[in-house]
Every structure is written in C-alpha cells, then in structure tokens.
Amino acid sequence: MIKVKKAEFKGSFVDLKQLPDEDNLEIALVGRSNVGKSSLINKVVNRKNLAKSSSTPGKTRTINFYMINDSWYFVDLPGYGFARVSKTERLKWNRMIEGYLSKRKQLKGVIQLLDIRHVPTENDVLMKDWLLHYEIPLLLVATKADKISKGARQKHLNQIRKALDLEPEDILLPFSAATGEGVGEILAAIEELLEF
Ligand SMILES: Nc1nc2c(ncn2[C@@H]2O[C@H](COP(=O)(O)OP(=O)(O)OP(=O)(O)O)[C@@H](O)[C@H]2O)c(=O)[nH]1
Ligand SMILES: [Mg+2]
C-alpha cells in the first residue's frame with residue numbers, strides 16, 4: 001500500500017489555464033461544501049493543516065494541488081451547494097469544476113464525499129451521475145462516520161445508497177477524519193486508481 005512520506009502544497013488556482021502542466025497523475029475530491037474534503041486530505045496524508053479546513057462552509061474556493069511523494073497530486077476542489085455566493089460566482093465555479101473533471105488528462109479518479117448523517121442532495125446525485133456519464137473512475141466515501149452510533153450506521157449508509165441508486169457491488173466506504181477509520185482503504189483505492 002502507498003505510504004505517504006511527503007506531502008506539500010503546490011498551489012491554488014482559479015483558472016484551468018493556470019493548472020500545472022505536468023504528467024503527474026491526479027486524484028480529485030468532490031462533495032458538498034463542509035462535507036470534509038480538506039479534512040480527508042489531511043488525515044489520509046497524516047498532516048494536520050496541509051489543506052485548510054473550517055467549520056464555515058465555503059472555505060475552499062480555489063482548486064488546490066497537493067503533491068504526494070513527489071509523484072501524484074491530491075486535488076481539492078471547491079465544494080458545491082454553498083449558498084452564500086453570488087449566482088455569477090457559482091456559475092464560474094461550476095464551469096471550472098466541470099471543465100477540470102471532463103477535460104483533465106492527468107485525472108485518474110475522483111473521490112466523492114457524502115456526509116453519513118444526511119440524505120444526499122440533488123447536487124450530490126447530479127454529480128455522481130455526471131461522473132458516471134464521463135466514465136471517470138469513482139470512489140464513494142461517507143464522511144464523519146464518528147458522528148453517528150455504530151447501531152445507526154447501516155441505516156444511514158443504506159439511505160445514501162438508495163438516493164444514489166447504487167448497485168449492491170458498488171462500494172460506499174465509511175470514513176472519519178476524527179478517528180482515522182477508512183484511511184487504509186482510501187489509500188488502497190487510490191493506489192488502484194493510479195495504476196489503472
Ligand atoms: N467529527 C468530524 N468532523 C469532521 C470530519 N471531517 C470534517 N469534519 C469537520 O467538518 C468541518 C468541515 O470540514 P472541511 O474539511 O473544511 O470541509 P470541506 O469539504 O473541505 O469544506 P469546503 O472547503 O467549505 O468545501 C470542519 O469543522 C471539520 O473539522 C469527521 O470525519 N468527523
Ligand atoms: Mg475545503
């Protein structure tokens with residue numbers, strides 16, 4: 001399995017034309033604002049504050065690149081569904097995110113995050129269908145698993161599976177940035193995505 005020995009911030013970008021023009025492969029994170037994208041990156045690479053996380057939704061407003069082991073990039077995308085931005089700004093983000101996901105040659109896979117406590121939103125469903133349509137390899141992760149009891153877990157996972165119309169063989173991986181549950185599974189999945 002991948003062992004993260006080095007993780008460094010490469011840069012923040014607001015325009016697709018600025019993105020690093022390199023051959024390094026990329027794994028991107030998508031999900032609603034505040035779902036835990038930045039926290040997942042920090043936990044998986046074992047660095048407390050590499051990606052800025054915040055309890056205020058809309059913290060990540062740029063495409064942020066993190067170089068792992070001098071080899072591949074973790075790409076933190078702005079969260080969708082963040083209410084407190086203008087329509088114009090939202091349209092700009094949507095175009096940027098969709099442009100990145102549909103055109104980026106270096107992109108080897110996407111990790112879509114869903115809050116284990118909540119029924120997926122319309123945006124979550126649209127994003128999953130959209131990624132499928134573009135045939136982008138996808139790993140689904142249910143975040144904040146520490147926030148519900150073990151007894152309620154299966155019910156919540158099933159609720160998400162139903163909303164996203166998952167097949168029994170599709171994986172929905174429980175994860176917690178608080179306890180580290182799921183880190184090994186995510187690293188194993190990333191390794192597979194990078195090799196595919
Ligand atoms: N208990 C718990 N809290 C979490 C977990 N993951 C994230 N959080 C908290 O949820 C809030 C949002 O986390 P972020 O990682 O900033 O979320 P994000 O998806 O990057 O948000 P944006 O950048 O706004 O799109 C922060 O207060 C985190 O501490 C988790 O697994 N467990
Ligand atoms: Mg963030």
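**Exercise 1. Describe the lining of the largest pocket by residue class, and find which elements supply it.**

Step 1. In this predicted model, the lining of the largest pocket divides by class into twelve nonpolar and seven charged residues, with no polar ones.

Step 2. The lining is made of 19 residues, and those that lie nearest the centre of the pocket are P137, L138, L139, L140 and I171. The volume of this pocket is about 520 Å³.

Step 3. Turning to the elements, at least two lining residues each come from α3 (122–133), β6 (138–143) and α5 (183–195), and the largest share, four residues, is supplied by α5.

**Exercise 2. Describe the second largest pocket in the same manner: what is its volume, and which residues line it?**

Step 1. The second largest pocket has a volume of about 280 Å³, and among the residues that line it are Y80, R90, N94, E98, N123 and W130.

Step 2. Two or more residues of this lining are given by each of the elements α2 and α3.

Step 3. By class, the lining of the second largest pocket holds five nonpolar, three polar and two charged residues.

**Exercise 3. Examine the salt bridge between D124 and R32, and decide whether D124 is buried or exposed.**

Step 1. Side chains of opposite charge can pair when their charged atoms come close. The closest N and O atoms of D124 and R32 are 3.8 Å apart, and the cut-off for a salt bridge is 4 Å, so the pair counts as one.

Step 2. D124 lies in helix α3, whereas R32 lies in the loop between β2 and α1 (37–45), so the pair ties together parts that are 92 residues apart in sequence.

Step 3. The relative accessible area of D124 is 1%, and because buried means under 20%, D124 is buried.

**Exercise 4. Carry out the same analysis for R153 and E181.**

Step 1. R153 and E181 form a salt bridge in which the closest N and O atoms are 2.7 Å apart.

Step 2. This pair links distant parts of the chain, 28 residues apart, with R153 in helix α4 (residues 150–163) and E181 in the loop between β7 (172–174) and α5.

Step 3. R153 is buried, at a relative accessible area of 12%, while E181, at 27%, is partly exposed.

**Exercise 5. Where does R84 lie, and which residues does R84 touch, not counting residues up to four places away in sequence?**

Step 1. R84 is found in the loop between β4 (72–76) and α2 (87–103), and with a relative accessible area of 63% R84 is exposed.

Step 2. Leaving out residues up to four places away in sequence, R84 touches P57 and R61. From C-alpha to C-alpha, R84 and P57 are 8.9 Å apart in space, although 27 residues separate them in sequence.

Key
Residues are numbered from 1 along each chain as its sequence is written. Chains are lettered from A and ligands numbered from 1 in the order in which they are written. This is a predicted model: local features need pLDDT of at least 70, side-chain atom pairs count only at pLDDT 80 or more; totals for chains, interfaces and linings use all residues. Side-chain values use heavy atoms; hydrogens and water are left out. Buried means under 20% relative accessible area, exposed over 50%, partly exposed in between (1.4 Å probe, protein chains only). Contact means heavy atoms within 4.5 Å. On a 1 Å grid over the protein atoms alone, a cavity is a set of points where a 1.4 Å probe fits but cannot get out, and a pocket is an open set with protein on both sides within 12 Å along at least five of seven lines; lining residues have an atom within 4 Å of a point. Grid points are joined across faces, edges and corners, and a volume is the space filled by probe spheres set on the points. Ala, Val, Leu, Ile, Met, Phe, Trp, Tyr, Cys and Pro count as nonpolar, Asp, Glu, Lys and Arg as charged, and the others, Gly among them, as polar. A salt bridge is a side-chain nitrogen of Lys or Arg within 4 Å of a carboxyl oxygen of Asp or Glu.
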